[in-house]
Amino acid sequence: MLWIGETANKYGSAVTGLALPLIAVGTLHASTLQVGLLGAAGWLPWLLIGLPAGVWVDRLRCRPIMLAATTASLLLYATVPLAALAGTLTLWHLLAVALLAGGAGVFFQTAYTAYLPQLLAPADQSEGNAKLHGSASAAGIAGLGSGGLIAQLAGPVNGLLANTATFLLSLWCTARIGHREPARTGRPRRALRREVGEGLQLLASDVWFRTFALFGAASNLVLTGYQSLLVVFLIREVGVGEGTVGLLVALASTGGIVGAAVARRIAARLGSSRAMLVLELALPALTVLIPLTGRGAGLAWYLVGGFGASCGVVAGNVIKATFQQRYCPPELLGRLSASGAVLNFGSIPLGALLAGLLGTELGVRPAMWLMTAGVPLAALVLWCSPLRRVRDLPTERRAPVREKGSRRCRSTRRDTAGGAVLGARGRGGTGQDGTGRVGRRGWQAVSVRVVSRPGGRCG
């Protein structure tokens with residue numbers, strides 16, 4: 001039910017993501033800067049309410065939050081064709097809808113990230129993430145393709161009518177999920193600021209969470225920058241029609257399906273850490289070909305660049321999502337997801353605004369060159385991190401170990417590979433043999449290096 005509902009939701013979101021800028025450009029004749037503002041409005045709520053949303057998700061049940069957020073999105077997007085029918089649709093209306101629907105998306109995405117580990121065992125989470133990301137990419141392709149076709153045949157405003165059916169299907173599927181979460185009454189309620197601080201502290205203190213958050217922020221800044229200009233670039237610079245825009249974006253997005261399908265295999269062959277470097281460094285670097293796009297055969301430059309970016313980003317997201325769900329303490333997953341998302345998604349409106357300003361001052365094609373050149377540069381964050389020195393990402397975050405008969409508790413520290421190392425002294429005996437096994441003769445705890453073991457536990 002979650003899978004079907006999320007796929008329907010992604011289809012409707014893809015239609016919306018294409019329909020709103022097409023309405024702004026084709027119906028309201030918006031400028032390049034105004035299109036950039038529209039792209040920024042949908043992601044600005046992550047900066048405004050992202051952190052408290054993580055606390056509320058950890059306090060409440062995830063499923064009701066997802067239902068409420070989907071209902072809000074349905075009602076908001078329905079106002080656009082109604083306003084167009086009444087002749088009162090304005091750019092300010094579009095901006096307000098994008099902003100409020102983005103706020104609903106903050107709660108949905110945060111709750112959805114924390115909900116999936118409750119439905120799947122740890123050994124199944126990698127496959128579950130791959131299927132969800134793969135179907136989301138497929139739904140995005142169908143949404144972009146059909147959205148562009150609807151816009152060309154019936155007008156871009158009618159593209160939003162598809163959201164009615166898709167959001168209703170998403171609501172029905174989510175409501176029919178048989179699993180019921182227990183009430184979260186075991187954890188005492190504390191001040192909102194303190195609980196927000198716990199999520200931020202976890203993000204800042206752990207090298208793996210910190211690396212992925214910084215990379216996500218840098219990457220989303222430039223990815224969103226060129227994507228927010230894409231409709232303007234293809235229509236006004238290249239000279240293609242609205243229906244062709246949807247077809248081109250849909251074809252390029254097939255890379256997401258391929259990425260989701262091969263992510264687990266590549267991670268198993270190369271190791272999850274090395275796979276992240278290959279997928280996030282090499283493939284998205286093809287985006288630098290996109291500004292070469294021209295008419296006729298020149299459209300192939302966009303298809304190659306867009307396919308590479310989509311494949312690498314989705315495959316990397318599958319690996320990262322599985323790592324985060326296994327590695328993060330469950331009671332902190334909502335706050336961690338929100339804290340990371342504030343950085344990851346908070347840079348998106350900045351990227352859209354920056355691209356809009358560059359497109360206005362320098363022209364659309366030079367702005368595309370600058371934004372796409374930043375994609376491989378952003379991936380250097382991963383290259384300079386501990387990912388380059390280990391084969392696999394850790395699968396478990398260990399708590400401090402208390403020695404037997406002692407009140408002292410040795411705290412976790414980090415080794416050069418970024419894994420957790422636990423140590424304690426005992427009453428004689430041998431130490432670590434390099435395999436993580438406990439030594440002889442009464443050692444209470446020994447040094448343990450966290451390693452990745454599919455479906456198992458560490459040490």
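I take a salt bridge to be a side-chain nitrogen of Lys or Arg within 4 Å of a carboxyl oxygen of Asp or Glu. With that criterion I turned to this structure, which is a predicted model.

**Entry 1: Asp392 and Arg391**

I looked up the side chains of Asp392 and Arg391 and found that they meet in a salt bridge, at 2.9 Å from N to O. I then checked how far each partner is covered. Asp392 has a relative accessibility of 24% and counts as partly exposed. Arg391 is also listed as partly exposed, at 36%.

**Entry 2: the other salt bridges**

I asked how many salt bridges a search of the whole structure finds. The search returns three. As background, I note that side chains of opposite charge can pair when their charged atoms come close.

One of the three joins Lys131 and Glu127, whose closest N and O atoms are 3.1 Å apart. I located Lys131 and Glu127 in helix α6, which covers residues 122-154. Because they are four residues apart in that helix, about one helical turn separates them. Lys131 is partly exposed at 38% relative accessibility, and Glu127 is partly exposed at 33%.

Another salt bridge links the side chains of Lys10 and Glu6, with an N to O distance of 3.7 Å. I placed both residues in helix α1 (residues 2-27), where they are four residues apart, about one turn of the helix.

Is Glu6 buried or exposed? I recorded a relative accessibility of 5% for Glu6, so this residue counts as buried, the limit being under 20%. Its partner Lys10 is partly exposed, with a relative accessible area of 29%.

**Entry 3: a nonpolar surface patch**

I next looked for nonpolar side chains at the surface. Met1, Trp3, Ile4, Leu169 and Trp172 make a nonpolar patch of about 510 Å². The elements giving two or more residues to this patch are α1 and α7, the latter being residues 162-175. I checked Leu169 in particular: this residue is found in helix α7 and is partly exposed, with a relative accessible area of 37%.

**Entry 4: helix α15**

I then examined helix α15, residues 364-378. The helix has 15 residues and reaches 21 Å from its first C-alpha to its last, close to the 21 Å expected at 1.5 Å a residue.

Which residues of α15 are buried? I listed Val364, Ala367, Met368, Met371, Thr372, Gly374, Val375 and Ala378. These buried residues lie on the same side of α15, because they cover an arc of only 150° around the axis.

I also looked up what this buried set packs against. The partners are α2 (32-41), α9 (207-228), α10 (230-238), α14 (333-362) and α16 (380-383).

**Entry 5: the chain as a whole**

I closed with totals for the chain. I counted 16 helices and five strands. Of the 459 residues in the chain, 52% are buried.

For contacts with a separation of 6 or more, I found that residues 24 or more positions apart account for 81%. The chain exposes about 20100 Å², and carbon and sulfur atoms supply 63% of that area.

Note on methods: Residues numbered from 1 in each chain as written. Predicted model: local features only at pLDDT ≥ 70, side-chain atom pairs only at ≥ 80, totals over all residues. Heavy atoms only, no water. Expected span 1.5 Å × (residues − 1). Buried < 20%, exposed > 50% of the residue type's maximum accessible area, 1.4 Å probe, protein only. Arc of directions from axis to C-beta. Contact = heavy atoms within 4.5 Å. Patch = residues over 30% accessible without salt bridge, like charges linked within 9 Å, V, L, I, M, F, W, Y side chains within 5 Å. Areas by Shrake-Rupley, 256 points an atom, 1.4 Å probe, with all protein chains shown as cover.
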